[in-house]
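Here's a walk through how this one is put together, strand by strand and then chain by chain. Have the sequence and the 3D view open as you read.

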Amino acid sequence: MSDSTDVATTPKAAGSGSDAAGVPIVLDHVSKRYPGTKSAAVDDISMEIPAGEIVILVGPSGCGKTTTMRMINRLIEPTSGTITIDGEDVLSLDDVKLRREIGYVIQQIGLFPHLSIAQNVSLVPRMLKWKKQRTNDRVDEMLSLVGLEPAEYRHRYPRQLSGGQQQRVGVARALAADPPVMLMDEPFGAVDPINRARLQEEFLAVQDKLRKTIVFVTHDFDEAVKMGDRIAVLDQGSKIAQYATPEEILSSPANAFVEGFVGHGATLKRLQLERLETVDLRPVTDADSAAPRVPIKATLHDVLDEMIAKAQESLVVVKDGKPIGSVALDDVLARVRELRAEAEAREGA
Amino acid sequence: MGNGGDVQLAFGDGLSFRQWVDAYQDDLIFYTRQHALLAFYCILAAAVLAVLLAVLVYRSSRLSGLAINAVSVGFTLPSIALFGIVIPVLGRNIGSVFPVVVLYSLLPALRNAIVGLQSVDPAMLDAARGMGMSRFRMLWQIELPLAWPVILAGLRVSAQLAVGIVAIGAIVYDVGLGQYAFSALANLGSANTGNEALACVLFVAAIGIAFDLAFMLVRRFTTPRGLRV
C-alpha cells in the first residue's frame, strides 16, 4: 500500500477538543430497486467506510452514487441489505432522529431564505433542544470554523451572501450539532472553479481537525482524487468497479471502465497526490539564487507545472518563506520511476 | 325639495346625496360596519379553510389538480344562483349568506395556497428532511413561511370577492350595504333610489379599499425579513 494517504490521515490534529470524531459505516449487500424497473438503482454494494475518513463515491450519472449516499441517512430506504453506523443498524432507528445525527450538505445548498444565517446554522441544535447559550456559542464557533466572521454574518440572510459564502454556511449548518458522520452530495458543484478549489482546501483543513466520517458524492474524478482518502468508483451497472485509495486507482485501475473514467493523464494526476516533502531535496547552490521558488507544501504536479511554465529544470524550495533546498527535474522523474515500481510490485502481489 | 346649493346630486324627486347621507347617517354607519365585519369573518374562515385544504392536497398532483379545477369551475357560477340554491336548504338567515361568501373567498385563496406550497424549492425540502425535520416541522417552519407571500396575495383577492358578494347576500337576508342596492332595484324610479344605489357602490368600494390597505400592512409585517431583502 502506498503511504501517501498518511499526509491526510495521520495527524490526529490538536484542537479536536470536545468534537465527536467519526465512526465507521458499513454497507452490507445493499441494493435498491424501484418497482417496475428492470435494473437496480444500486446493485449489491458492500463497503466499509473507516472512521474519520473521507470516502468518495464517484461515477457517471445514473450510477447510483447519490442513491447509495441517501440510503445511509434513510432519505431512501434500501430494498435489501443492511447499513450500520458505528455498529448500529440504521433501519432499526427512528429515521428523523437518525438524520439529526448525520450532517447533510447538498449541491443546491438549501439554506432557508426566510431564516437568518444564525437561525439556519442553529436548526439542528434547536431540534435537539440544546440550551440557548450553548446553541449561540456553537453558531459562532461554526461560522468562525468556516471562515465567516460571526459578528458580521450571523444576522444576515442567505440572499445577502455569495454562492461560496452560502456553501460555507451550508457546511457550518451540517456540522453544528457535531455529528460523527457527514453526507455531502456534490457540495462544491455549484461554485465557480476558483472558489471551489478554495472551499475544497478549507474543507480539508477543517476535516484535518474534526476527523469526521464523510461520504462525499461527486462526478468529478479530479475532485475525488483531491478530497478522498478512499474512492469508490461506481460503474454504469450501479456496482462498485473499484474501491481503493486514490493512488491505487490512478496507478492500477481495476478494469477498463475505471481506466476510462480516470481518463487521460493518470500519471500527472498521480503526481497531484505526491507532496514535495517525499523527495530528498538538494542543497541550495549559488546557481539557484535566480531560480523560481516553490513552497514545500506543493505537490509534484505543481512542481512540474512550475518548471514547465518557467522553462527551468531546477526550483528553490521554501518553507515559511526561507529557502530550505532545491528540486530538479531529475528528482521528479526519479520519484515517478519509484511510484511505477511500487505499482508493479502491488499488481504482482 | 331642498337643495343644499353645493353639490347637486339628486335623482328623481329625492334628497341630494349629501342630504340623504346626513339623514340616514346612523343606518349607513351601522350597515357599513356590519358589511365589513361579515366580510372579515368570511375571509378569516376562507383563509383557515384554504390553508387546511391546501395542506391536505398539495402533495398529490391528482388531488391538487382536482382542487384547482374545482376552483376554476366555481368561478363560473353566478353567486346569485348559488344564493338561490342555498335559500331552500338553509332558509333566509345570516347562516345562508355566510357559507356562500366563504365559498367564493375560498377559491382564489385555495388556488394560491396550493400553488404557493408547491412552488417551494425542492432543494429546501431535501435539506430540511436531510437534517432531520419531521413532516409537521417542515410544513410549519419551512413550507408555510416560504409560501406565505403567495398565500397572502390570494387572500387579498379573496377579500375583494368577499366584500362584493356580501353585498349580493342582502338578497337572502337583510344584512350589509347590499340592502340599499336591492331596495333601489325594487323601487326603481322612486324617490332616493339613486342615492341608495350610489351609497351602496361608494361604501362597498370604500370597504374594499380599506381591506386592501390592511392587506398591504399585513404583508409588510408578516413577510419574513429574509424574503424581503
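## The mixed sheet

In this predicted model, strand E7 (residues 181–185) of chain A runs parallel to strand E8 (residues 213–218) of chain A, and the two pair over 5 bridges. If you want a spot to zoom in on, take Met184(A): its bridge partner in E8(A) is Phe216(A).

That pair belongs to an open sheet of 6 strands in chain A, ordered E6-E7-E8-E3-E9-E10, with mixed pairing. Why is one side of E6 and of strand E10 (240–244) of chain A left without a neighbour in the sheet? Both stand at the edges with a single partner strand each, so there's nothing from the sheet on the other side. Ignoring direction, neighbouring strands here are turned by 15° against each other on average.

## A helix with two sheets to touch

Helix H2 (residues 65–72) of chain A packs on this sheet. The strands it touches are strand E3 (54–58), E6, E7, E8 and strand E9 (230–234) of chain A, and the helix direction makes about 150° with that of E8(A).

H2(A) also lies across strand E1 (25–32), E2 and E4 of chain A, this time running at about 120° to E1(A). Those strands take us to another sheet.

## The antiparallel sheet

Here 4 strands of chain A make an open sheet in the order E2-E1-E4-E5, and the pairing is antiparallel. Strand E2 (42–49) and strand E5 (88–89) of chain A are the edge strands, each pairing on one side only. As a general reminder, strands of a sheet pair through backbone hydrogen bonds, either parallel or antiparallel.

E1(A) and E4(A) are joined by 5 bridges in the antiparallel sense, and Val26(A) has Thr84(A) as its bridge partner in E4(A). Next along, strand E4 (residues 80–85) of chain A pairs with E5(A) over 2 bridges, again antiparallel. Ile85(A) stands opposite Glu88(A) in E5(A). E4(A) and E5(A) form a hairpin with 2 residues between them, and Asp86(A) in that turn has a positive phi of about 55°.

## Salt bridges

Over all chains, the count is 23 salt bridges. In general, side chains of opposite charge can pair when their charged atoms come close.

Which residue does Lys226(A) form a salt bridge with? Its partner is Glu201(A), with the closest N and O atoms 3.1 Å apart. Lys226(A) sits in helix H10 (residues 221–227) of chain A and Glu201(A) in helix H9 (residues 193–210) of chain A, so this pair ties together parts that are 25 residues apart in sequence.

## Where chain A meets chain B

Now for the other chain: 26 residues of chain A are in contact with 21 residues of chain B. About 2,100 Å² is buried between the two chains, and carbon and sulfur atoms give 64% of that area.

How many salt bridges are counted between chain A and chain B? Just 1 salt bridge, and it's made by the side chains of Asp126(B) and Arg70(A), at 2.9 Å from N to O. There are also 5 residue pairs in polar contact between chain A and chain B, both residues being at pLDDT 80 or more.

On the side of chain A that touches chain B, helix H3 (95–100), strand E6 (102–106) and helix H5 (123–127) of chain A are the elements giving two or more residues. By type, the residues on that side divide into 13 nonpolar, 6 polar and 7 charged.

Conventions. Residues are numbered from 1 along each chain as its sequence is written. Chains are lettered from A and ligands numbered from 1 in the order in which they are written. This is a predicted model: local features need pLDDT of at least 70, side-chain atom pairs count only at pLDDT 80 or more; totals for chains, interfaces and linings use all residues. Side-chain values use heavy atoms; hydrogens and water are left out. Contact means heavy atoms within 4.5 Å. Buried area is the accessible area (1.4 Å probe) that two parts lose on being put together, summed over both. A salt bridge is a side-chain nitrogen of Lys or Arg within 4 Å of a carboxyl oxygen of Asp or Glu. A polar contact is a pair of N or O atoms within 3.5 Å; within protein, one must be able to donate a hydrogen and the other to accept it, and residues adjacent in sequence count only if both atoms are side-chain atoms. Ala, Val, Leu, Ile, Met, Phe, Trp, Tyr, Cys and Pro count as nonpolar, Asp, Glu, Lys and Arg as charged, and the others, Gly among them, as polar. Two strands pair if DSSP finds at least two bridges between them. Axes are lines fitted to C-alpha atoms, for helices over the stretch in contact, and angles run from 0 to 180 degrees between N-to-C directions.
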